[in-house]
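Please open the model in your viewer and follow the selections below in the order in which they are given. Each stop names what to select and then describes what is found there.

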Amino acid sequence: MFTNMLSLVVWTPIVAGLLVLATGGDQRAPLARWLALAGALAGFLVSLPLYTGFNDLNGGMQFEEMRPWIQALNINYHLGVDGISMLFIVLNSFTTLMVVLAGWEVIQKRVAQYMAAFLIMSGLINGSFASLDAMLFYVFFEAMLIPMYLIIGVWGGPRRVYASVKFFLYTLLGSLLMLVAFIYMYFKAGKTFEILAFHDMKIALSVQMLLFVAFFLSFAVKVPMWPVHTWLPDAHVEAPTGGSMVLAAITLKLGAYGFLRFALPILPDASRELAWVMVALSLVAVVYIGLVALVQSDMKKLVAYSSISHMGFVTLGMFMFLGTNMNQWAVEGALVQMVSHGFVSAAMFFCIGVMYDRLHSRNIADYGGVANKMPIFAAFMMLFGMANSGLPATSGFVGEFMVILGAVQVNFWYAALAATTLIFGAAYTLWMYKRVIFGDIGNSHVAEMKDVNKREFLVLAILAITVLGMGLYPQAFVSKMHLSVNDLIAHVAQSKL
Amino acid sequence: MDMKSLYLLIALAPLAGSLIAGLFGWAIGRRASHVVTILGVAVSAALSLKVLSGFISGQTEVFNGAVYTWLTVGGHEYAVGFLVDKLTAMMMVVVSCVSLMVHVYTIGYMQEDPGYQRFFSYISLFTFSMLMLVMSNNFIQLFFGWEAVGLVSYLLIGFWFKRPTATFANLKAFLVNRVGDFGFLLGIGLVLAHFGGSLNYSDVFAAAPALANKTIQIFPGVEWSLMTVTCILLFVGAMGKSAQFPLHVWLPDSMEGPTPISALIHAATMVTAGLFMVSRMSPLFEMSDTALNFIMISGTITALFMGFLGIVQNDIKKVVAYSTLSQLGYMTVALGASAYSAAMFHVMTHAFFKALLFLGAGSVIMGMHHDQDMRNMGGLRKYMPITWITSLIGSLALIGTPFFSGFYSKDSIIEAVAASHLPFAGVAYWALIIGVFVTAFYSFRMYFLVFHGKERWMANHGAHHGHDEDHDDEEPSTDHHHGLGPNDKPHESPWVVTLPLVVLAIPSVLIGFFAIEPLLFGDFFKGAITIDALKHPGMHELAEEFHGPVGMAVHALSSLPFWLALSGVVVAWIFYMKAPHIPAAIKQRFSAVHKVLDNKYYMDDLYFNLFAKGSRALGTLFWKVGDMLLIDGLMVNGTAKLVGVFSRLTRKLQTGFIYSYAASMIIGVLGLMTLWFAGIILR
C-alpha cells in the first residue's frame, strides 16, 4: 500500500489530463481518446484501493497525508478520507471512466481539450472530497468550476453561453460567502484551516446561524435545493452528455457533502434550529419539483428536474433530527441516495445522449416507438427508468426507502410527503418512457435509428450492473460508512454553545 | 440438500430460466427458450409440491432463516430470507403450478408472436418475483416481491407496446399500484418505527401484543391506535395490488395484456398478493377491529359493485376480469371477518378455476381469430369441445355449485361473514348474497353467449364495429382484433392449449372437497394464521357446525345462496337463450343505469380528470409561475437587473474629474472625524 494513496488519486487524472492536452489538435484525436481512456482507467484503478483497503472498524480519517503548503497562513495540504468521502472519490473516478467512453466518437471537435477538461475536473473533485484543510477544499471546490464552465460553454448547445454564465454566477455567489465563513473560523480556531479543528470549536448560536446561512448559500446552490435550483435545468440542457453525467453524478454531491462535512458538524446547534427550514425546502423539492418534472417536454429538462427531486431526499435525510440526534436511517439513506443517484442519473443522461446522437432532438414529441428500432437500448432504459422510479432491487430504491423509513420515526407527514415520490417519480419517468420508447414508430427519423453500438452497450451494461448490484447488496456500500456516520451523529448530538 | 438450498432453488430456478430466455433468447431460439423456462418453473413446481406434501405428512418443519444480509442499520440486520410454513407452501404450490400450466399454454397462444422469447422471460421472472413475495420472512423482501410482480405486470400489460391502449393501461396499472404502495411503505415505516426496529415477521409479531393500546398522533392532539393506523396503511397496499375499491380501476384495463398473463397474473396469483399479505399479518390485523371493518367495507363494495359491471360487458375477457374483481372482493370481506383461512382457501380454489376460465377464454379468442366480442360468438361448443367442457366446469366452480371447489370456499366465506360480529358484517353478508346471484348471472350470460345459441360469427362478417348503439370507442380490444374471415370456422386449439385446461379443470372440481376440512377446520394454518378467538369467534362457530364436505354440500341445497345461484343461471338462460328481447328492453327501459354501468360508475373519468390532469395542471403552474416567473424572472434576472441599475448609478460617481474625487475624499474624511469625535465625547 502506498503512503500517498490519496495524492495519487487526486493527481493521476490531472497529470493524465495535461498529457491529453499535450496531444494538441484534432488531427491526433484518436491518440487523445486512447490516452484519456488510459488516464481515466488509471484514475479509477488507483481509487479502488481506497475501497478495498478501507478499514470498516475505523470511523475516523484514513489514508491521511499532511504537508505544509502556505506556511505563512498555516494552510496545509492535508488529505484524508472517512467512510463518507471515500465512496464519492471512487464514484467520481468511476463516472470519469464512463464519461470518457460516452464522449468517444460523439465529440469530434477539440477532442483533446474535451477529454482533458473531464480528467482534470475529476482530479479536482477528488481533491475536494479528500481535503481536510478548508482552504485546500475551497481551492479545489472553486477550481472545479472552471472545467465545467468550459465544458458547457465550448461543447454545449445553442444557449450554452447563457447557461454557463448562469451556472458560474449562481455557484460563485454562494462560494464567496463560504470563503468569508472559512476566514472567520480560521481566526476563531486560532489561525488554522483544519476542518477537524473547526469541528471541535465552540461557537455562539447567533454566529452559528450566520455561518449556517453562508454555508447554506454555497451548498444549497450546488445540491441544488429549491429555490436556488433554476440553473441546473439550463446547465443540463446545454451541456454535452458527458457534462450532464458528471454534473448530475458528482458535482451535485459536493453540495450535499458540504452540508455533511461543514454545516452539520461545525454548526450542530444552528443545524438543529434550522432543520425545519431544510426539511421544508427538501420536501418542496420532492413534491413541487416532481410535479414540474411531469410537465417537461424536453427529456433532459425532465431528468434534470428529476435529479433535483431526488436530491431532495439527500438533504431531507441529513436534517431529519429526532430530538438532538440525527436519524441513522435517514442519514445513511441520504448517503446511499447520493451514490445511487450518481449511477442512475448518469445512466439516464447517457440514455438521452444516445438518442440525441441519432436524432439530434431532446423533445419527447420528436420520438415515439424507439423500442421497435432499438430493443436493446429500450431494455436498458427500462431498467434505468425503473431505478429512477425507485424500484426495489435497483439502487434507486435503497436510499429513498431508508430516508422515508427514517422520516416516519421523526414525523409521519414528512414521510408521507416524501413518499409521494413513489407516485410522481414513476409518473414522470414512465410517462416519458411511454411516449419516447413505446408505441408505433413515430416518424421517419425514428425509423432510421440504429440500436446501440458496442461502446454504448459497454457503458450501459456497466451502469446496469452497478445499479442492480447496489440494489441487491447495498451492504457493500453501507458497511463502509457505518462508523463514520455514527461518529458524525455522536458529534452533532453535542451542543457547541 | 438442506432446506435453505432447496428453497433457494425453488425461487431461483425460474429466475435462471428467465435470464437465459431474456438475455440469450435471440441466440438460442424459440424452442430452447420455452424449454428452459418451462424446465425452471417445473423444478419449482415439483419441489413446491414436495415441500407441501412434506408439511402435510408432518415431515417438514417450519423454516425461518436468512440467506444474506442486505443491509445493516443501527445494529439491526435486514436480510433476504425465507419463511416457509404451510401458508407459504400452499401459495408456492398454487403459484408454481398455475405458472407451469400457463407456460405450457403460452407455447400455443403466443406461437406467432415475434416477442415469443421475451414473453417467456417475463412470465418466468414473474414466477420468481411472486415466489420471493410469498416466501419472504420480512417486510423488505415482501416489498421487493410486491414491486417486482408489479413491474412484470407492467411489462406484460404493455407487452404489445405498439398499441396505445396497452401502454396507457400499463402506465395506469403501475401508477394506481404505486398509490397503494405509498400507503404500504408508510405502514412498513410505522412497523419499523414502533415495533422494536426489526422488520422480520417473527420479531414484529412478537412485539405486537405489547403495543395493543399504544396510540400515536398523526394529527396533533388526536390520538389514534398505532395498530389501526399501521394495519390500514398496510391494507392500502393490498387495495392496490388486489384491486379493491377505490384502487380497483387498473385491473379491467390490464386485459390489454396477452391472455396467458391475465390468467396467471391478473387472476390467479399476483392479485392475491394483497390477500396473502393480510393473512400473513393476521397477528397485527387481529388487534384492530377498526382496520378489519375498513377491510370489510372495501371488500363489500368491490364484491357487489364490480359484479354489476360484469353484466354489461361484451368483451369476453372483461367479463372474466370483473368477475375476478368481484371474487377478490369476496376474499377481502373474508379477511375483514377474520376468516383468513377461508380467504386463502378461496384464493387457492379461485386460482385454479379462474385461471381455467381465463385460459378457456383465451382458447376461445384463438378459435375466433382474436375476436373478443361475445356478440360475434355463439354455438362454439360444437367446434371447441374441450374448451367448452372445461369452461363449463370453471363457470360451475365460480358460481358455487355444490361439490365444486368454488362452492366450498365461497360458501365458507358467506358463512364466516354471517358469523362475524363486526358492525358492518350484516351489510356485507347481504351484499355477498346478492353477489351470488349476480355472479351466476354474468357467468352464464357469458357461457350461453359463447358456447350456445346461434352461430353469430356467420352473420357478422365485416360488421364487428359500429353495429351496437353502446359502442365505446375506447374499448381497447375492439381496435385490434382480426376476427374470422368469411370462410373461416372456429377451431379447437392445439394440445398445448387444451392440456392446461384439462389439468386445471381437475382441481377446479375436486380440490375444495378434499381441502376444506384440513384448511378451514383442521390445524393446517395453525401457527401461520392467528385469530383472536375471543373477539372473532366466527371460524370457531363454523367449525362446530361443520359435518364433513358431503354434509355441507347437501345442506347447501336448501340454502339461499344455492337457489340464488340457480336462479341466476336460469335468468341468464331465459335472457340470452329463450327471450333475447328482454335484456334489450331492460337496457332501453333503464338506459340511465346502463350508462352508469357502461362507464364503470365514471370512476375512470373522475380519476383521470382529477389526478392525472390535476397533477399536470399543478406541475405547469409550479413551473411557469414558480420557477420561470418568480424565481428566474424576479429573483435571478431581477438581481441581474438590480446590479445593472446599481452600476448605472455608481457609474455617475466616476466622473473622471479630480475635483469631484477630492471633494468626496474631504467629505469622507470629515465624516470619519465626526464619528471619531462623537465616539470620544460619548465615552
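Begin in chain B of this predicted model by selecting helix H2 (residues 86-109) and helix H9 (residues 259-268), whose axes come within 8 Å and cross at roughly 160°. Because an angle over 145 degrees counts as roughly antiparallel, H2(B) and H9(B) are described as roughly antiparallel to each other, and H2(B) passes H9(B) in a right-handed crossing. To see the contact itself, show the side chains of Val98(B), Ser99(B), Val102(B), Tyr105(B), Thr106(B) and Tyr109(B) on H2(B), together with Thr259(B), Pro260(B), Ala263(B), Leu264(B) and Ala268(B) on H9(B). Sorted by class, the residues of this contact comprise eight nonpolar, three polar and no charged.

Next, stay in chain B and select helix H13 (residues 316-336) with helix H17 (residues 425-451), which pack at an angle of about 160° with their axes 11 Å apart. H13(B) and H17(B) are therefore also roughly antiparallel to each other, but the crossing of this pair is left-handed. On H13(B) the contact is made by Ile316(B), Val319(B), Ser323(B), Ser326(B), Tyr330(B) and Val333(B), and on H17(B) by Ala428(B), Leu432(B), Gly435(B), Thr439(B), Tyr442(B), Ser443(B), Met446(B) and Val450(B). The contact of H13(B) with H17(B) has nine nonpolar, five polar and no charged residues.

Now move to the loop between H13 and helix H14 (340-367) of chain B, where Ser338(B) is placed. If you query the backbone torsions there, phi of Ser338(B) is near 65°, which is a positive value in a residue other than glycine.

For another backbone feature of chain B, select the loop between helix H7 (226-241) and helix H8 (250-253), which holds Pro246(B). The peptide bond from Phe245(B) to Pro246(B) is cis, with omega near 0°.

Chain A offers a cis peptide bond as well, joining Val223(A) and Pro224(A) with omega at about -10°. To reach Pro224(A), select the loop between helix H9 (205-222) and helix H10 (231-238) of chain A.

While in chain A, select helix H14 (residues 328-359) and helix H22 (residues 475-493), which pack at an angle of about 130° with their axes 10 Å apart. H14(A) and H22(A) are therefore oblique to each other, and H14(A) passes H22(A) in a right-handed crossing. The residues to display are Gln328(A), Val331(A), Glu332(A), Leu335(A), Val336(A) and Val339(A) of H14(A), with Phe477(A), Val478(A), Met481(A), Val485(A) and Ile489(A) of H22(A) making the other side of the contact. By class, the contact of H14(A) with H22(A) has nine nonpolar, one polar and one charged residues.

Then colour residues 132-421 of chain A, the span that UniProt, in an unreviewed entry, lists as "domain: NADH:quinone oxidoreductase/Mrp antiporter transmembrane". In the model this span of chain A is 79% helix and 1% strand, and its end C-alpha atoms lie 36 Å apart. For chain B, UniProt gives that domain name, also in an unreviewed entry, to residues 136-428. Over residues 136-428 of chain B the chain is 70% helix and 2% strand, with the end C-alpha atoms 32 Å apart.

With both chains displayed, which elements of chain B give two or more residues to the side that touches chain A? In total, 42 residues of chain B are in contact with 39 residues of chain A, and the elements to select are strand E1 (63-73), helix H4 (139-157), helix H5 (164-194) and helix H24 (603-653) of chain B. Of these, H5(B) gives the most to that side, with 15 residues. The side of chain B that touches chain A divides by class into 25 nonpolar, ten polar and seven charged residues.

Finally, colour by confidence: the model scores ipTM 0.92 and pTM 0.90, and the mean pLDDT of chain B is 88, with 96% of its residues reaching 70 or more. Select residues 462-481 of chain B, over which pLDDT stays under 50 and for which the model has 20 contacts beyond four places in sequence. Where pLDDT is low, the predicted coordinates should not be read in detail.

Notes:
Residues numbered from 1 in each chain as written. Chains lettered and ligands numbered in written order. Predicted model: local features only at pLDDT ≥ 70, side-chain atom pairs only at ≥ 80, totals over all residues. Axes fitted to C-alpha atoms, helices over the stretch in contact; angles between N-to-C directions. Helix = DSSP H or I, 4+ residues; strand = E, 2+ residues; numbered from the N terminus. Parallel < 35°, antiparallel > 145°, perpendicular 65-115°, else oblique. Left-handed = near helix turned anticlockwise from the far one by under 90°. Contact = placed C-beta atoms within 7 Å. Nonpolar A, V, L, I, M, F, W, Y, C, P; charged D, E, K, R; others polar. UniProt positions renumbered as here; feature names shortened; annotations may be inferred. pLDDT = per-residue confidence, 0-100.
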